[in-house]
Amino acid sequence: MKRLRILPLLILAASLYAQTPGNQPVEPFRIAGNLYYLGASDVTSFLITTPAGHIVIDGGYEEMAPGILENIKRLGFRPQDVRILLNSHAHFDHAGGLTALQGATGAQFIASRGDAPILKRGGHDDPQFRDRFHFPPIVPDRLVDDGDTVTLGGTTLTARITPGHTPGCTTWLTTIRDGEHSYNVVFIGSPSVPSEYNLTTNRRYPNAVA
């Protein structure tokens, strides 16, 4: 009898609004089944492998992109086999490397409708941070809303829009099989409220609290 377990994975952000990232390289590793860790010490990036190609969730800071590509190789996979890039939210520590990753892999970029405008602007005119934190702009090839799915090679991820941290912050859900075990995996879109946020009188984001 197969056992079902829940594996929550937090989309981590390192000192999100410090000017210098406190990130250190770490060895990539397998988490369970076809799910792997690609990120650094304080900012996450994940790889899901399938027979039809691979999925990467989040691109970290802009300067993390070469390390993410190298980590894919170190795990024994080819960056050019990455078919889909997903994003948890449109901040420079999670979206900064996406443009470079897309350029290196040719992957389709999929993001939430709510965060698409900020991604296109490269972080400019952010509803909370205005023009403080920029990243290379990227235009989604496909937009998702709450409940939409992304499928590749037998793996399906469901987008759950969990706004607040950003207007389109996305929690991704999937099931990973590892031998006799199955895991409901939840990539938790950032639940944090940075101290710089204006939650109650911000006319640029009037429904942030809700």
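Contact here means heavy atoms within 4.5 Å, and in this predicted model H54 touches L47, I48, T49, F77, R78, D81, V82, R83, I84 and L152, residues up to four places away in sequence not being counted. The points below turn from that residue of strand 5 to the packing of helix 1 against helix 3, to the buried residues of helix 3, and to two further buried residues, N71 and F92.

**Helix 1 against helix 3**

- Two packed helices are described by the angle between their axes and the distance between the axes.
- Helix 1, which comprises residues 65–74, packs with helix 3, residues 98–105, at an angle of about 45°, and their axes are 9 Å apart; that angle makes helix 1 oblique to helix 3.
- The crossing in which helix 1 passes helix 3 is right-handed.
- From helix 1, the residues A65, I68 and L69 meet A100, L101, A104 and T105 of helix 3, and the residues of this contact divide into six nonpolar, one polar and no charged.

**The buried side of helix 3**

- L98, L101, Q102 and T105 are the residues of helix 3 that are buried, and because they cover an arc of only 100° around the axis, they lie on the same side of helix 3.
- An α-helix has 3.6 residues a turn, so residues three or four places apart point the same way.
- The cover over the buried residues of helix 3 includes helix 1 and helix 2 (92–95), together with strand 5 (53–57), strand 6 (82–86) and strand 7 (108–112).
- Just after helix 3, G106 takes a positive phi of about 75°.

**Buried residues in other elements**

- H54, found in strand 5, has a relative accessibility of 7% and therefore counts as buried, the cut-off for buried being under 20% relative accessible area.
- N71, which lies in helix 1, counts as buried because its relative accessibility is 6%; leaving aside residues up to four places away in sequence, N71 touches V26, P28, L38 and G39.
- F92 lies in helix 2 and, at 12% relative accessibility, also counts as buried.
- Although F92 and G60 are 32 residues apart in sequence, they are 7.4 Å apart in space, C-alpha to C-alpha.

How values were computed:
Residues numbered from 1 in each chain as written. Predicted model: local features only at pLDDT ≥ 70, side-chain atom pairs only at ≥ 80, totals over all residues. Heavy atoms only, no water. Axes fitted to C-alpha atoms, helices over the stretch in contact; angles between N-to-C directions. Helix = DSSP H or I, 4+ residues; strand = E, 2+ residues; numbered from the N terminus. Parallel < 35°, antiparallel > 145°, perpendicular 65-115°, else oblique. Left-handed = near helix turned anticlockwise from the far one by under 90°. Nonpolar A, V, L, I, M, F, W, Y, C, P; charged D, E, K, R; others polar. Buried < 20%, exposed > 50% of the residue type's maximum accessible area, 1.4 Å probe, protein only. Arc of directions from axis to C-beta.
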